[in-house]
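Okay, thanks for squeezing me in today. Let me put the structure up, and then I'll talk you through the parts I'd like you to look at.

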Amino acid sequence: GGAAARPFVTHHNTLDLDLYLRIAPELFLKRLMVGKLPRVFEINRNFRNEGVDRTHNPEFTAMEVYEAFGDCWTMLELTESLLHELACRAAEDRRGRGDESVDGGPESPVLPFGELKIDWSRPFERVTYGELFERATGFDMRDEEAVRAKVAELGLHKAEGMDHWFAVNELFEEVAEPLIDPARPTFVTGYPSAVSPLTRPDRDDPDLAERWDVFVAGMEVGPAYTELNDPDVQLAKFTEQLAGADDEEQAFRNLDEDFIEALRVGMPPAGGLGLGVDRIVMLLTGQSSIREVIAFPLMRPEDGEG
């Protein structure tokens, strides 16, 4: 667990037990931190029973990192350093193979991605969630009446019955994310706490979470958090998230009581990070579809095949 997604379900015949392919390794890696590992990472395969398009495949590769006594800002520095170094090395390799489409200097590579020229020079861009939301809608994200009116105006029927902050996030994904410059890696900071149930609330504004997501070329490459390690607050957050989900989502979400119990044993303050490896490879190699960077992607069946 550790994400909100529909799992693939199977059945263990000998034990007569329903089992699920994991959607994320987060809660398991955090259990290792409870067991006193100060730093842990895993490059892993995850499985989500959801849509297929140019940036989504049901089976995909991710990297998750957790560091005791870190926070979302130490994860930001790690991510920016890592992505910049990867882009520099990719540019050097592509130039060495005669790729004349690569621009920029040794420390400021510019890599082509479709019609874009992505500038990977440091520092990356930063913008707050609230600032981007207001730029897109013209009103503050805390204005519940305006949020409801905008949801109705845009016909976002899924959001009409949602809790306020979940409706805000639906609006954000619809109208604010497209404002992010696709040619510059951009950290969006300060997400609402209600949509970030595994994240510590901001000390100065509990409505917001110590979380960011990094976007490149219109794609979310990955989020990072200051991890929530208070079991009582975590229990309340899980309950809040379940209450905000629609009937379809509630059918496959559940409250992970074992994880709450692990937090009661004690997890140190920590920073956590998850990056989509397939999407990073897409960006560095200039491939516009995730199918081009996965050896055996899921393909739609031809007509007549079941």
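I'll go from the domains to the strands, then to the aromatic rings, and finish with a few single residues.

One thing up front: this is a predicted model. The domain assignment splits the protein into domain 1, which is 8-102 + 217-292, and domain 2, which is 125-183. Taken over C-alpha atoms, the centres of domain 1 and domain 2 are 24 Å apart.

Now the strands. Start with strand 5, residues 103-105, which runs antiparallel to strand 6 with 3 bridges between them. A hairpin with 2 residues makes that connection, and Gly-105 sits opposite Ser-108 of strand 6. Strand 6 then pairs with strand 7, again antiparallel, over 4 bridges. Over there, Phe-113 faces Leu-116 in strand 7. That hairpin also has 2 residues between its strands, and Gly-114 has a positive phi near 60 degrees in it. How enclosed is strand 6 by the rest of the structure? Largely, because 5 of the 6 residues in 108-113 are buried.

Moving along the chain, have a look at strand 9, residues 186-189. Thr-186 and Val-188 point one way, Phe-187 and Thr-189 point the other way, and all of them are buried. Strand 9 has strand 8, residues 125-128, as a parallel partner over 4 bridges; there, Glu-125 is bridged to Thr-186. With strand 10, residues 211-216, the pairing is antiparallel, also over 4 bridges, and Val-188 has Asp-213 as its bridge partner.

Okay, rings. Searching the whole structure gives 7 aromatic pairs. One of them is Phe-124 with Phe-187: the ring centres are 5.9 Å apart and the planes are at 25 degrees, so that pair counts as stacked. Phe-124 is in the loop between strand 7 and strand 8, Phe-187 is in strand 9, and 63 residues separate the two, so to speak of distant parts of the chain is fair. Both Phe-124 and Phe-187 are buried.

Then there's Tyr-129 with Tyr-191. Is that pair stacked or tilted? It's tilted, because the planes are at 55 degrees, with the ring centres 4.7 Å apart. This pair also links distant parts of the chain: Tyr-129 belongs to helix 3, Tyr-191 to the loop between strand 9 and strand 10, 62 residues apart. Tyr-129 is at 0% relative accessibility, so it counts as buried, and Tyr-191, at 3%, counts as buried too. If you turn to the face of Tyr-191, you'll find Arg-211 lying over it, at 4.0 Å from the ring centre. And Phe-124 and Phe-187 come back once more, in one aromatic cluster together with Trp-120 and Trp-212.

Last stop, a few single residues. Asn-46 is in strand 3, residues 39-47. With a relative accessibility of 1%, Asn-46 counts as buried. Its side chain makes a polar contact of 2.8 Å with the side chain of Asn-44. Beyond its neighbours within four places in sequence, Asn-46 has contacts that include Arg-22, Pro-25, Glu-59 and Phe-60.

And in helix 9, residues 277-285, the buried residues include Asp-278 and Arg-279, along with Ile-280 and Leu-284. Just after helix 9 comes Gly-286, with a positive phi of about 75 degrees.

That's my tour, so over to you.

Note on methods
Residues numbered from 1 in each chain as written. Predicted model: local features only at pLDDT ≥ 70, side-chain atom pairs only at ≥ 80, totals over all residues. Heavy atoms only, no water. Buried < 20%, exposed > 50% of the residue type's maximum accessible area, 1.4 Å probe, protein only. Polar contact = N/O pair within 3.5 Å; in protein donor to acceptor, adjacent residues only side chain to side chain. Contact = heavy atoms within 4.5 Å. Domains from an automatic or database assignment. Pairing = 2+ DSSP bridges. Phe/Tyr/Trp six-rings, centres within 6.5 Å; stacked < 30°, edge-to-face > 60°. Lys NZ or Arg CZ within 6 Å of the ring centre and 35° of its normal.
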